[in-house]
2 protein chains.
Amino acid sequence: MRLAIVGATGAVGRELLNVLEDRNFPVDELTLYASSRSAGKTVSFRGETLTVKETPSAAIDADIVLASAGGSISKKLARTWSSKGALVIDNSSAWRYDPDVPLVIPEINPQDAKNHNGIIANPNCTTAILAVALWPLHRAFKASAVIVSTYQATSGAGAEGMNELLHETENYLNGKKPGGSVFQYPIPFNVIPHIDSFQDNGYTREEMKVVWETRKIFGAAEMKISCTAVRIPTLRAHSEAATVIFEKPASAAAARDVLASSPGVKVVDDPANNLYPMPLSASGKWDVEVGRIRKNIAFENALDFFVSGDQLLKGAALNTVQIAELFI
Amino acid sequence: MRLAIVGATGAVGRELLNVLEDRNFPVDELTLYASSRSAGKTVSFRGETLTVKETPSAAIDADIVLASAGGSISKKLARTWSSKGALVIDNSSAWRYDPDVPLVIPEINPQDAKNHNGIIANPNCTTAILAVALWPLHRAFKASAVIVSTYQATSGAGAEGMNELLHETENYLNGKKPGGSVFQYPIPFNVIPHIDSFQDNGYTREEMKVVWETRKIFGAAEMKISCTAVRIPTLRAHSEAATVIFEKPASAAAARDVLASSPGVKVVDDPANNLYPMPLSASGKWDVEVGRIRKNIAFENALDFFVSGDQLLKGAALNTVQIAELFI
């Protein structure tokens with residue numbers, strides 16, 4: 001397979017290279033692109049040293065382009081990149097809501113990938129981490145309403161986000177006033193209930209992405225979903241607390257059974273032994289951890305669960321490569 | 001008023017002294033007690049130096065005892081401390097669920113304080129911070145179901161919790177493996193969905209405290225409440241994301257109006273100007289910040305909101321002193 005990566009030097013780009021190596025993706029040719037600022041840098045892949053080129057404004061000569069260059073660049077150029085037959089798998093939000101563009105999580109809707117017109121969209125990180133756990137439960141018990149609160153890592157703002165957390169935390173501990181420019185407010189030892197822009201309905205775009213994208217991926221246009229998206233001072237794994245009301249009878253034990261045999265999910269749910277999902281254990285892992293599964297006590301026939309998943313892996317690079325694997 | 005503080009050298013004890021000073025509480029006499037380990041230490045109050053004595057196992061000769069010595073000590077000794085007429089206002093969970101002990105938030109149920117038999121319980125921090133915002137909305141629109149996810153600071157585990165966060169974060173930044181003994185797992189850059197012990201129903205005791213205590217304080221034994229309680233790497237303000245289903249019609253604007261005139265609450269809700277509740281702004285403040293108020297899109301007639309409140313103040317010392325003020 002002839003591959004290209006756009007945005008190869010970013011946090012997701014670096015993980016794309018790791019995931020391609022770790023999954024033994026059949027790469028015959030690999031071309032790396034990044035912004036003019038990063039062009040000329042060298043990157044190692046399978047023992048070879050590759051030089052990063054500047055992101056082109058023309059067709060890319062490859063079978064598959066893994067794009068992680070940000071929404072505005074993707075919106076402008078993805079059609080051009082794919083104009084000579086390359087399939088662009090895009091990690092930005094630019095194409096996700098286009099009815100002609102499939103939005104794919106391979107564990108959930110691989111069949112949708114076949115109907116592409118040159119672009120497949122990779123979902124938002126928070127959506128992907130929730131959806132991979134929610135889907136098997138939805139299939140088994142039919143979810144009618146979902147309430148989710150997120151605990152989102154700084155990696156969601158790229159390498160700059162993680163660097164700012166580390167750097168500003170160091171400043172704080174050294175008695176300096178924490179500052180920073182990536183987030184709206186200093187992030188060390190803080191919580192910021194604001195990710196992406198505010199919408200007219202009072203939700204942020206990040207929160208609505210979870211609504212719009214889960215519905216599209218599940219093929220469940222009417223599913224009731226609400227989200228509160230919150231940035232917290234962690235590095236690279238998102239956690240989410242979910243309450244789900246089901247139409248069919250659902251017990252915690254039955255949910256555990258369903259999830260135990262579901263791909264992309266690792267049930268970590270043994271409270272007696274202090275086992276539950278955490279960024280500490282979910283970071284760097286392909287599977288999303290699911291635990292704290294329990295019968296909700298406020299609603300009839302509802303369950304609560306907690307997930308932690310690596311934002312750069314299942315939330316980005318891993319899912320992108322898994323989509324590409326559908327075309328091997 | 002002749003006051004005593006039990007647990008005077010802990011994180012809450014120190015805040016009790018600050019709050020008594022800041023609110024000009026009429027203190028005629030002040031006796032400080034702590035464990036044998038801390039007895040003999042000196043503490044400054046209104047310019048005077050007081051020597052801490054060892055917590056007695058006998059009646060305390062005072063009008064009011066502000067106790068923050070932990071549940072097991074309080075369970076064993078509070079009745080004895082109050083046996084010669086002192087009123088014990090207890091900050092632990094030892095007495096909160098005793099039907100003969102009022103559980104009081106002065107903005108909500110001050111009338112209950114009058115029916116004490118020597119002990120008044122101060123609520124759990126997470127409960128107090130949520131309840132002060134939820135109560136005015138419940139009065140106005142009658143809440144029928146509440147779903148809450150918490151973002152809880154390390155101060156909930158006392159001064160040791162905060163010290164461990166700072167110390168272990170420093171270790172992490174210096175390339176050492178973070179450890180620690182206060183929390184179940186290392187807390188730097190991590191999230192731990194486990195506070196207090198697990199119950200048979202899969203909820204933690206911390207989560208059930210929010211259920212039990214909110215119902216008792218509100219006099220709403222049937223109110224449906226569910227909570228997911230999560231420890232995050234912040235210092236001293238808890239945040240909480242709430243979804244509330246109401247019986248009466250409730251708009252975001254009407255909720256903002258109700259909260260704007262409610263005691264103990266500061267509406268911080270101007271997303272266009274990046275104003276919403278945060279630990280950064282709520283720490284050290286008496287009022288609980290409430291914002292992100294919006295019509296919930298998953299349920300009919302429901303609202304979402306986000307609160308941040310100082311765990312050591314409204315969550316502990318401030319509320320305790322406010323209860324004492326009812327007896328001035």
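Start in chain B of this predicted model. Select the strands β10, β9, β11, β14, β13 and β12 of chain B, in that order across the sheet. They form an open sheet of 6 strands with mixed pairing.

Go to the edges next. Select residues 224-228 of chain B for β10, then residues 265-267 of chain B for β12. Each of these edge strands pairs on one side only. Now look across the sheet: from one strand to the next, the twist averages 25 degrees.

Stay at the β12 edge. Add β13(B), residues 288-295. β12(B) and β13(B) run parallel, and 3 bridges join them. Pick out Val265(B) and find its bridge partner in β13(B), Val288(B).

Now bring in the helices. Select α3 of chain B, residues 125-141. This helix packs on the sheet. Its contacts in chain B are β9 (143-151), β11 (237-246), β12, β13 and β14 (302-310). Compare directions: α3(B) makes about 30 degrees with β11(B).

Then select α5 of chain B, residues 205-218. α5(B) also packs on the sheet, touching β9 and β10 of chain B. Its direction makes about 155 degrees with that of β10(B).

Last stop: chain A. Color residues 2-122 and 317-325 of chain A as domain 1, and residues 127-311 of chain A as domain 2. The C-alpha centres of these two domains of chain A lie 25 Å apart. How many residues does each domain of chain A bring to the contact? Domain 1 of chain A gives 12, and domain 2 of chain A gives 16. On the domain 1 side in chain A, 6 are nonpolar, 4 polar and 2 charged.

Note on methods. Residues are numbered from 1 along each chain as its sequence is written. Chains are lettered from A and ligands numbered from 1 in the order in which they are written. This is a predicted model: local features need pLDDT of at least 70, side-chain atom pairs count only at pLDDT 80 or more; totals for chains, interfaces and linings use all residues. Domain bounds come from an automatic or database domain assignment. Two residues are in contact if their C-beta atoms, placed from the backbone, lie within 7 Å. Ala, Val, Leu, Ile, Met, Phe, Trp, Tyr, Cys and Pro count as nonpolar, Asp, Glu, Lys and Arg as charged, and the others, Gly among them, as polar. Two strands pair if DSSP finds at least two bridges between them. Helices (H or I, at least four residues) and strands (E, at least two) are DSSP runs, numbered from the N terminus. Axes are lines fitted to C-alpha atoms, for helices over the stretch in contact, and angles run from 0 to 180 degrees between N-to-C directions.
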